[in-house]
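Reader: I have a model open on my screen. Please show me how to read its helices.

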Amino acid sequence: MKTVIKYLLAFSCLSSVSLTAGAQANYLKIENYKVYYGWAKHFPQDWMILRRFENQGRQYFLMVNPQTLQTKIDETNFYQVKTMTMDAARSFFKGTPYQRALAKAEKRSVMIQDAGIEMGMPKESGISLTADLCPSHRPLDKRIFTDIFTEFQKVEKPAPIALSITGIWMRQHPRDLEWLKQMEQKGEIYITWINHSFNHRVSKTLPLKENFLLEAGTDITYEVLETEKAMLKNGLLPSVFFRFPGLVSDQQLVKRITDFGLIPIGTDAWLAKGQQPQAGSIVLIHGNGNEPVGVADFINLLKSKTKAIAQKQWLLYDLRESVDEEFESAN
Ligand SMILES: [Zn+2]
């Protein structure tokens, strides 16, 4: 009997290994995690380096493809490297969709709420869905993901969704996180992970200009880098996107975020606030169980589009591609 159990255990371990084969590795012993900018070249692709870290004796870069906005973690010794300051790297990669998106976000930085990129490709019919995972004691709102899978399984598999994640949520909800990763490993959804700060502090009484990340005593470096480290530890690949808690920021804060190489992502359709999605909208709902109205609105939206979805006339767009295409031809 014991042998049988052992065999079953060994078998289930093996199958979980094969399931995770294509997934992001978990970096469990990260040391010296820091911002590090430059140009990494491995023919035929050029990458902009954003971070450098060590894990179990190996050196890694977090890099972005400035044409496609795709990120990647790789060992440093595969690349020919030129270290640069942020300003030098930005002028070196000037004209790429990545640099254009950063510059556009900075131009829209004076608004106290909803700065950054808030709309993707107006020519397309369909939306980019973003769901925020702010700290919450409620469980993950799984309807969003199961309904997307049900509607899109015949037309768009995996269906893309961008999740804005906080360090605290990752700590509070390891099982929900595992469930999301499994949906992804089964090819049911594809997740772009957006940095949504570590602590996501919020005050019920402070005015917006002193609230969220603008609250006195906030350590922006900690909020950005600790979230990335927590993502890497949990096997999530950080993207180049950032969403401000409460969508609240000021010009100086936007610059601090773009100085980390991150593109602030706003929304033009926060469903729970009654904002209607248009073609190309970046839609915002909350996946943390705190905003069931927005999720219900999203599910109704999906149901109303069933026919268009089946005819591939209404799709979900990968946030990276939406932002990328928006800036491919822009000046
Ligand atoms: Zn939030």
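Author: We take helix length first, then burial, then packing. This is a predicted model: local features need pLDDT of at least 70, side-chain atom pairs count only at pLDDT 80 or more, and totals for chains, interfaces and linings use all residues. Residues are numbered from 1 along each chain as its sequence is written.

Reader: What span should helix 7 have?

Author: Helices are DSSP runs (H or I, at least four residues), and strands are E runs of at least two, numbered from the N terminus. The expected span is 1.5 Å times one less than the number of residues. Helix 7 (residues 220-233) has 14 residues, so 20 Å is expected; its end C-alpha atoms are 20 Å apart, which agrees. Gly-235 follows helix 7, with a positive phi near 80 degrees.

Reader: Which residues of helix 7 are buried?

Author: Buried means 20 or more other C-beta atoms within 10 Å of a residue's own; exposed means 12 or fewer, partly exposed in between, with C-beta atoms placed from the backbone. In helix 7 these are Glu-223, Val-224, Thr-227, Glu-228, Ala-230, Met-231 and Leu-232. Their cover includes strand 1 (30-42) and helix 5 (167-172).

Reader: How many residues of helix 11 are buried?

Author: In helix 11 (residues 319-328), 7 of 10 are buried. Phe-327 is one of them.

Reader: At what angle do helix 3 and helix 11 pack?

Author: Axes are lines fitted to C-alpha atoms, for helices over the stretch in contact; angles run from 0 to 180 degrees between N-to-C directions. Here the angle is about 90 degrees, with the axes of helix 3 and helix 11 8 Å apart.

How values were computed: Two residues are in contact if their C-beta atoms, placed from the backbone, lie within 7 Å.
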